[in-house]
Amino acid sequence: MSKFWSSMVKRTEPYVPGEQVNQQKIVKLNTNENPYPPSPKVMEAIRGEMERNLQLYPSPTADDLRETIGRQYGLTADEVFVGNGSDEVLAFSFMAFFEPGQPIRFPDVTYSFYPVYAKLFDIPYEEVPLNRDFTLQIDKFFQSKGGVILPNPNAPTSLYAELDTIEEIVKNNPDRVVIIDEAYIDFAAKSVAELIQQYDNLLVVQTTSKSRSLAGLRVGFAMGNHSLIDALIRIKDSFNSYTLDRLALVGAKAAFEDEAYFKEITAKIIATRNETTVALKQLGFAVLPSQANFIFASHSSVSAERLYNELKKEGVLVRYFNKPGIDNYLRMTIGTDEQMERLLEKLTEIL
Ligand code: PMP
């Protein structure tokens, strides 16, 4: 603390991301990255752009990328916003749609960046308890004073709520924005983006960090009614005209254009997830039915904290949250088949 700090800096409690390690030998299953590289078309596009245009500023409106993303969901460019990772898109959304003095709601077990943004922007919040089985208590999200934000599938629980559940929440907050954070949606049944034309208070946020293998490029996006998108653009243009650089713009566009590659690796991860779930159950784990690229599991006799530490010693990094309610669970990212075999081998040894 210093006398030079603004009250904003003083009240922040920054988010702590999962450890990033450089050792090649580590099996890194702690930050839900994609184990497969991006489409070769992404590299091609980035290489071309590097050779041609880096001396010039990128497009401040990112129309080309917004149009490409919109096409995936039958939306126009003015119903899409792009930003530097979905974390930035979420931060802008808090500024654009939530108000100091009006409490917002999110689940008590959820993405731990939400309370960080709330504190930063001085927005009060209510943490809505999940049911014992980690599903949502839907009606507790109705008629919120300040708005609602929740991930679907939820993180770190990996559970997916059906579209009609999400729709109920959107419908019962007609005067407030409901943000659905779909970071993991491509590993699940269906996006709620198809309801955007029906609900002007629905904002759907997604990312290229998971299913498109572009965590290192930092491209996230939001989809919603054009007046919501206008609000995000007003915030962005009051902050930084060029949040996405030239490489990110062309790389992300190429990723969306290679649908075949996207489908192939997504299907592979889902298959590996389902096989890993079966194997973990055989080892005595209770595994939540995941619709994400990670698994949330708890062992019947050995504590999650101990397993986390033992795995780490053995060069396998998973995520452990020392938080009431989930402190006996491990969150394990789905890697390649080989990586998951290493995880299972080490778990077998430890147990
Ligand atoms: N939302 C959720 C639920 C997440 O788990 C993550 C990844 N940590 C993000 C958003 C942010 O992803 P990114 O900034 O890489 O798009």
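The following exchange concerns the pockets, the cavity, the ligand surroundings and some backbone features of a predicted model.

Colleague: What makes the space near Tyr15, Thr31, Asp87, Tyr111 and Lys210 a pocket?

Modeller: A pocket is an open set of points with protein on both sides within 12 Å along at least five of seven lines. The largest pocket holds about 600 Å³ of space. Its lining comprises 28 residues, and Tyr15, Thr31, Asp87, Tyr111 and Lys210 lie nearest the centre.

Colleague: How do you know which domains contribute to the lining of the largest pocket?

Modeller: At least three lining residues come from each of domain 1 (18-37 + 260-350) and domain 2 (40-257). Helix 4, residues 85-97, gives the most to this lining, with 3 residues.

Colleague: What is the make-up by class of the lining of the largest pocket?

Modeller: The lining of the largest pocket has 11 nonpolar, 10 polar and 7 charged residues. Tyr counts as nonpolar and Lys as charged under the scheme used.

Colleague: Which residues lie nearest the centre of the second largest pocket?

Modeller: Tyr15, Ser112, Pro115, Val116 and Lys323 do, within a lining of 17 residues. The space in this second pocket is about 280 Å³. Strand 3 (104-107) and helix 5 (113-120) each supply at least two lining residues, and helix 5 gives the most, with 3. By class, the second largest pocket is lined by 9 nonpolar, 2 polar and 6 charged residues.

Colleague: What makes Ser86 a polar contact of the ligand?

Modeller: A polar contact requires a pair of N or O atoms within 3.5 Å. A polar side-chain atom of Ser86 lies 2.7 Å from an oxygen atom of the ligand, so the pair meets the cut-off. For Arg218, an N or O atom in the side chain is 2.7 Å from a ligand oxygen. With Asp87, a backbone N or O atom lies 3.0 Å from an oxygen atom of the ligand. The protein buries 91% of the 400 Å² that the ligand exposes when taken alone.

Colleague: Which residues surround the ligand?

Modeller: A residue is included if one of its heavy atoms lies within 4 Å of the ligand. The residues around the ligand are Gly85, Ser86, Asp87, Leu90, Tyr111, Asp181, Ala183, Tyr184, Thr207, Ser209, Lys210 and Arg218.

Colleague: Why is the space lined by Ser39, Ser211, Arg212, Ala255, Asp258, Tyr261, Phe262 and Ile265 called a cavity?

Modeller: The term applies because a 1.4 Å probe fits at its points but cannot get out. The count comes to 1 cavity of 30 Å³ or more, and the largest cavity has a volume of about 50 Å³, so its volume meets that cut-off. Helix 9 (residues 259-282) gives the largest share of the lining, 3 residues. The classes in this lining are 4 nonpolar, 2 polar and 2 charged.

Colleague: Why is the largest cavity placed between domain 1 and domain 2?

Modeller: Both domain 1 (18-37 + 260-350) and domain 2 (40-257) give residues to its lining, and therefore the cavity lies between them.

Colleague: What makes the peptide bond from Asn152 to Pro153 a feature to inspect?

Modeller: Most peptide bonds are trans. The bond from Asn152 to Pro153 is cis, with omega near -10°. Another cis bond joins Ala155 to Pro156, where omega is near 5°. Pro153 is found in the loop between strand 5 (148-151) and helix 6 (163-171), and Pro156 is placed in the loop between strand 5 and helix 6.

Colleague: What is the phi of Phe134, and where is this residue found?

Modeller: Most residues other than glycine have a negative phi. Phe134 is a residue other than glycine, yet its phi is positive, near 75°. Phe134 is found in the loop between strand 4 (125-128) and strand 5.

Definitions and conventions:
Residues are numbered from 1 along each chain as its sequence is written. This is a predicted model: local features need pLDDT of at least 70, side-chain atom pairs count only at pLDDT 80 or more; totals for chains, interfaces and linings use all residues. Side-chain values use heavy atoms; hydrogens and water are left out. On a 1 Å grid over the protein atoms alone, a cavity is a set of points where a 1.4 Å probe fits but cannot get out, and a pocket is an open set with protein on both sides within 12 Å along at least five of seven lines; lining residues have an atom within 4 Å of a point. Helices (H or I, at least four residues) and strands (E, at least two) are DSSP runs, numbered from the N terminus. Domain bounds come from an automatic or database domain assignment. A polar contact is a pair of N or O atoms within 3.5 Å; within protein, one must be able to donate a hydrogen and the other to accept it, and residues adjacent in sequence count only if both atoms are side-chain atoms. Accessible areas come from the Shrake-Rupley method with a 1.4 Å probe; for residues, only the protein chains shown count as cover.
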